[in-house]
Amino acid sequence: MALRSGRLGAAGLDVLPKEPPDRTHALIAAWARNKAWLEGRLVITPHTAFYTPESLADMRRLSAQAAADYLRDGSLRAGVNLEALRREGYAPG
């Protein structure tokens, strides 16, 4: 393992191949047993790590701002599919 050998200094994991995690996996088991070689070097969070009061407030505020911007002047921020929307006539020039 790269963490155990020191080849990798640290890791933060939010998405795992299997959720809930397989507690028999060597890395998950070592983390659950608070092994010394992982101390301060591995953070594992459930896939919902961003759900905090602050992030929920940001999502509401930013969503409202995006809707207001579009209604005010047709601007779209962070549109990942703007070209497709334009082809279908849903996005501004």
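In this predicted model, the protein chain holds four helices and two strands, and read along the sequence these elements follow the pattern α-β-α-β-α-α. The radius of gyration of the protein chain is 21 Å, well over the 12 Å that the globule rule gives for 93 residues, so the chain is more spread out than a compact globule. Taken along the principal axes, the box filled by the C-alpha atoms is roughly 55 × 30 × 25 Å.

Burial and surface can be described for the chain as a whole. Buried residues account for 17% of the 93 residues in the protein chain, while the exposed area comes to about 7300 Å², of which carbon and sulfur atoms supply 58%. Where contacts in the protein chain join residues at least 6 apart in sequence, 43% of them link residues that are at least 24 apart.

The charges come next. The protein chain carries 13 positive and 10 negative charges, and the mean positions of these two sets are 9 Å apart. Side chains of opposite charge can pair when their charged atoms come close. The structure holds five salt bridges, and the table lists three pairs, including two that share Asp69.

| Salt bridge | N to O distance |
|---|---|
| Asp69 and Arg72 | 3.2 Å |
| Asp69 and Arg77 | 3.7 Å |
| Arg86 and Glu83 | 3.0 Å |

Asp69 and Arg72 both belong to helix H3, which covers residues 53–73, and they stand three residues apart, about one turn of the helix. Their surroundings can be told apart by accessible area: Asp69 is buried, with a relative accessible area of 7%, whereas Arg72 is exposed, with a relative accessible area of 56%. Arg77, the other partner of Asp69 in the table, is partly exposed, its relative accessible area being 47%. Asp69 is counted as buried because its 7% falls under the 20% cut-off, and Arg72 is counted as exposed because its 56% is over the 50% cut-off. These residues do not stand as isolated pairs, since Asp69, Arg72, Asp73 and Arg77 are linked in a network of salt bridges.

The remaining pair of the table lies in helix H4, residues 82–87, where Arg86 and Glu83 are three residues apart and therefore separated by about one helical turn. The side chains of these two residues meet in a salt bridge with an N to O distance of 3.0 Å, and Arg86 is partly exposed, with a relative accessible area of 31%.

Methods. Residues numbered from 1 in each chain as written. Predicted model: local features only at pLDDT ≥ 70, side-chain atom pairs only at ≥ 80, totals over all residues. Heavy atoms only, no water. Rg over C-alpha atoms; globule rule 2.2 N^0.38 Å. Buried < 20%, exposed > 50% of the residue type's maximum accessible area, 1.4 Å probe, protein only. Contact = heavy atoms within 4.5 Å. Areas by Shrake-Rupley, 256 points an atom, 1.4 Å probe, with all protein chains shown as cover. Lys, Arg positive; Asp, Glu negative; His and termini not counted. Charge placed at Lys NZ, Arg CZ, Asp CG, Glu CD. Salt bridge = Lys/Arg side-chain N within 4 Å of Asp/Glu carboxyl O.
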